Amino acid sequence: MTEGNGDKTLRKIADAFNDLANVFTDSQSAETEVKVAPFSHACSLVSPLFGCLGVAFKFAEMDYVAKVHDLAEASKSIQNLQSLIELDVQANTVRKGGSHTRNLLRVKRGLDMVRVLFEQILVTEGNSLRDPASKAYEQVFAPHHGWAIRKAVSAGMYALPTKEQLLKKLNEDEASAKDHMQSYVTASAPLIQYIDKLFVSRDLGIDW
């Protein structure tokens with residue numbers, strides 16, 4: 001997917017995550033299943049956002065895209081997220097570099113960063129993205145990064161596009177962008193919580 005050029009990136013993201021969120025509309029029971037294929041597809045639609053944010057999130061773009069690709073490949077043989085984790089638990093490879101479970105945790109972190117970013121954009125006045133992006137990074141990514149990466153991201157914040165420039169890249173006006181951002185925030189929250197519970201319920205932790 002290219003930036004701009006008629007692609008309605010935010011609408012596609014909102015629609016895909018609303019579809020995923022439909023599994024939570026009843027009660028979040030033990031039988032709730034999130035399929036790997038539609039999950040990885042929805043996650044792939046988020047990838048262009050990292051590219052639109054410039055050098056500050058270049059690390060996130062490269063890491064996120066590779067790990068979403070791994071989950072998409074895994075979806076060819078693994079049906080749902082529960083099974084994906086269970087297979088790594090049984091093989092004792094949960095924390096092994098490149099494991100599907102490790103990649104799922106990193107992708108979830110990317111989704112959470114975008115959720116916080118959108119929340120902050122929605123409540124922040126003005127045209128600068130520096131405060132929303134800084135708060136999203138500090139809340140989601142910074143606790144897992146060393147000093148060197150945090151320093152590089154901090155410097156990169158000065159090269160962020162303005163909100164107006166971001167919306168132009170995404171081919172959105174402000175009104176439609178706000179609707180789609182709010183839709184993603186609402187739809188992604190239960191999904192992120194669900195993934196966290198998959199880890200915590202198996203005593204795998206989520207802070208690694």
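**Rings, helices and turns**

Both F199 and W208 are buried. The two residues also form an aromatic pair. Their ring centres sit 6.4 Å from each other, and the ring planes make an angle of 55°. An angle of that kind is classed as tilted. Keep in mind that the model is predicted.

F199 and W208 have company. The structure holds eight aromatic pairs. One of them joins F59 and F141. Here the centres are 5.6 Å apart, with 75° between the planes. That makes the pair edge-to-face, because planes over 60 degrees apart count that way.

What does the pair of F59 and F141 tie together? F59 belongs to helix α3, which covers residues 58-74, while F141 belongs to helix α6, residues 130-141. The two parts are 82 residues apart in sequence, so the ring pair ties together parts of the chain with that separation. The partners sit in different classes of burial, as their values show. F59 has a relative accessibility of 24% and counts as partly exposed. F141 has 8% and counts as buried, because the cut-off for buried is under 20%. F59 and F141 are also members of a cluster. Ring pairs link them there with F57 and Y137.

Now turn to the helices. Two packed helices are described by the angle between their axes and the distance between the axes. Take helix α1, residues 9-21, and helix α9, residues 174-200. Their axes come within 8 Å and cross at roughly 30°. So α1 runs roughly parallel to α9, because angles under 35 degrees fall in that class. The crossing of α1 and α9 is left-handed.

Which residues make this contact? From α1 come L10, R11, I13, A14, F17, N18, L20 and A21. They meet A177, H180, M181, S183, Y184, A187 and L191 of α9. Sorted by class, the contact of α1 with α9 has eleven nonpolar, three polar and one charged residues.

Next comes the loop between α1 and α2, where F24 is found. Is F24 buried or exposed? F24 is buried, with a relative accessible area of 11%. Look at its contacts beyond the neighbours within four places in sequence. F24 touches T32, V34, P190, L191 and Y194. Now compare sequence with space for one of these partners. F24 and L191 are 167 residues apart along the chain. Yet their C-alpha atoms are separated by 8.1 Å.

L191 led us back to α9, and Q193 is found in that helix as well. Q193 is partly exposed, at 47% relative accessible area. Set Q193 beside S176. These two are 17 residues apart in sequence. In space they are 26 Å apart, C-alpha to C-alpha.

A second helix pair is α2 with α3. Their axes are 9 Å apart and the packing angle is about 165°. How do the two helices run, roughly parallel or roughly antiparallel? The answer is roughly antiparallel, because the angle is over 145 degrees. The crossing of α2 and α3 is left-handed.

From α2, the contact uses V36, F39, S40, C43, S44, V46, S47, F50 and G51. From α3, it uses A60, E61, Y64, V65, V68, L71 and A72. By class, the contact of α2 with α3 has eleven nonpolar, four polar and one charged residues.

Stay with α2, residues 36-52, for one more stop. P48 has its place in this helix. P48 counts as buried, at 14% relative accessibility. The C-alpha atoms of P48 and L167 are separated by 12 Å. Along the chain these residues are 119 residues apart.

The last stop is the backbone. Most residues other than glycine have a negative phi, and most peptide bonds are trans. Which way does phi point in N171, positive or negative? N171 has a positive phi of about 60°, although it is not a glycine. N171 lies in the loop between α8 (163-169) and α9. Its relative accessible area is 31%, so N171 is partly exposed. D203 also has a positive phi, near 60°, and is a residue other than glycine. D203 is in the segment after α9. D203 counts as exposed, with 72% relative accessibility.

How values were computed
Residues numbered from 1 in each chain as written. Predicted model: local features only at pLDDT ≥ 70, side-chain atom pairs only at ≥ 80, totals over all residues. Heavy atoms only, no water. Phe/Tyr/Trp six-rings, centres within 6.5 Å; stacked < 30°, edge-to-face > 60°. Helix = DSSP H or I, 4+ residues; strand = E, 2+ residues; numbered from the N terminus. Buried < 20%, exposed > 50% of the residue type's maximum accessible area, 1.4 Å probe, protein only. Axes fitted to C-alpha atoms, helices over the stretch in contact; angles between N-to-C directions. Parallel < 35°, antiparallel > 145°, perpendicular 65-115°, else oblique. Left-handed = near helix turned anticlockwise from the far one by under 90°. Contact = heavy atoms within 4.5 Å. Nonpolar A, V, L, I, M, F, W, Y, C, P; charged D, E, K, R; others polar.
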